[in-house]
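This report walks through one protein chain, from a single residue out to the whole fold. The sequence and model come first.

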Amino acid sequence: MKKFIIAVAFSLISLGLSAQDWAVGLRVGAVTEAVGQYHMGDTYIEARFGASFVNNFMRDGWSVRPDYNTSADFTVLYNWKLMSWDWSPSVGTWFFDAGAGINVGGAEHFAYVGLAGMARFGIEFGNAPIALSLDWTPAISMSMIYFNEGNQHFTEAGYNGLALANIAITCVFYL
C-alpha cells in the first residue's frame, strides 16, 4: 500500500511539472557541472552537480592531497529573472539573472558548506531553445580539513576563500 501511495504522489507531481519548464546543460570554468533548471515564470530553481577546482585544500602551505585537487560540488539556487534586453532581435534576447542558495561539497579529508549567490549575464537564442551565459557564483563557505592516518592526526576549520572565484560559462537547452 505504501508503494502505491508513493507512486500516486509522484504521478500527481509529474503531471504538474511540464517538460517545457525544464532546461538541462553544462557549466564549465572554475567548475565542471551538470545543470538542471526548473522555470516558474519570472523565477527558476537551479541544481548543479559536478567537480570544483576552486577550493582550499591547503593547511599551512601543505596540500592535504597533492595528487587530487578537485572536489565534488553540489549547488542549489533560487534565481530571479531580473532584466532582459532586445539588443539583437535577429539573434536572441539578452538577460541578467540573480539568485541565492547553498553550496556544499568536498573530497577525501576536506568538506565545505556555505551560502551562495549568483549573477548571470547571457543570451537566449531566438531560433534555438538554447541559452549561453557567463555567471559568477561566489560562496561564503566554511571548510574543514580532517586527517587521521598513521602519525598524522588533525582537524581544522576555516574560511574557504577560494569559493569566491567560482566563475563559469553555462549553456542550457530548454526541453
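S141 sits in strand β10 (residues 139-149). Strands here are DSSP E runs of at least two residues, helices are H or I runs of at least four, and both are numbered from the N terminus. S141 is buried, at a relative accessible area of 1%. Buried means under 20% relative accessible area, exposed means over 50%, and partly exposed lies in between (1.4 Å probe, protein chains only). Setting aside residues up to four places away in sequence, S141 touches Y112, V113, G114, G158, Y159, N160 and A163. A contact requires heavy atoms within 4.5 Å.

**Basis of the model**

This is a predicted model, in which local features need pLDDT of at least 70 and side-chain atom pairs count only at pLDDT 80 or more, while totals for chains, interfaces and linings use all residues. Residues are numbered from 1 along each chain as its sequence is written, and side-chain values use heavy atoms, with hydrogens and water left out.

pLDDT is the predictor's confidence in each residue, on a scale from 0 to 100. The chain averages 82, and 79% of the residues score at least 70. Confidence peaks in strand β9 (residues 130-136), at a mean of 96. The lowest mean, 48, belongs to strand β5 (residues 62-63). Over residues 59-67, pLDDT stays under 50. For that stretch the model has 15 contacts beyond four places in sequence.

**Overall fold**

The chain has one helix and twelve strands. Along the sequence the pattern reads α-β-β-β-β-β-β-β-β-β-β-β-β. Of the 175 residues, 36% count as buried. Take the contacts between residues at least 6 apart in sequence: 57% of them join residues at least 24 apart. The accessible surface comes to about 9900 Å². Carbon and sulfur atoms account for 69% of that surface. Areas come from the Shrake-Rupley method with a 1.4 Å probe; for residues, only the protein chains shown count as cover.

**Strands β2, β3 and β6**

Strands pair if DSSP finds at least two bridges between them. Strand β2 (residues 31-40) and strand β3 (residues 43-52) pair in the antiparallel sense over ten bridges. T32 stands opposite A51 in β3. β2 and β3 form a hairpin, with two residues between them. G41 in the turn has a positive phi of about 75 degrees.

β3 also pairs with strand β6 (residues 71-88), antiparallel and over ten bridges. Here E46 stands opposite L77 in β6.

G36 lies in strand β2. Leaving aside neighbours within four places in sequence, G36 is in contact with A23, I45, E46 and A47. The C-alpha atoms of G36 and W22 are separated by 7.3 Å, with the two residues 14 apart along the chain.

**Salt bridges**

Side chains of opposite charge can pair when their charged atoms come close. The rule used here asks for a side-chain nitrogen of Lys or Arg within 4 Å of a carboxyl oxygen of Asp or Glu. By this rule there are six salt bridges. Three of them are tabulated below.

| Pair | N to O distance |
|---|---|
| R120 and E46 | 2.9 Å |
| D135 and R48 | 3.7 Å |
| D135 and R120 | 3.3 Å |

Which residues does the wider network join? Salt bridges that share partners link R27, E33, E46, R48, R120 and D135 into one network. D135 lies in strand β9 and R120 in strand β8, so their pair ties together parts 15 residues apart in sequence. D135 and R120 are both buried.

The D135 and R48 salt bridge, at 3.7 Å, spans further strands. R48 lies in strand β3 and D135 in β9, so this pair ties together parts that are 87 residues apart in sequence. R48 is buried, as is D135.

The R120 and E46 salt bridge, at 2.9 Å, also links distant parts of the chain. R120 is in strand β8 (residues 110-125) and E46 in strand β3, 74 residues apart. Both R120 and E46 are buried.

**A nonpolar surface patch**

V91, F125, L132, L134, W136, I167 and I169 form a nonpolar patch on the surface, with about 610 Å² of accessible area together. β9 and β12 (167-174) are the elements that give two or more residues to the patch. β9 gives the most, with three residues. Patches are made of residues with over 30% relative accessible area and no salt bridge; like charges are joined within 9 Å, and nonpolar side chains (Val, Leu, Ile, Met, Phe, Trp, Tyr) within 5 Å.

V91 is found in the loop between β6 and β7 (92-107). V91 counts as partly exposed because its relative accessibility is 39%.
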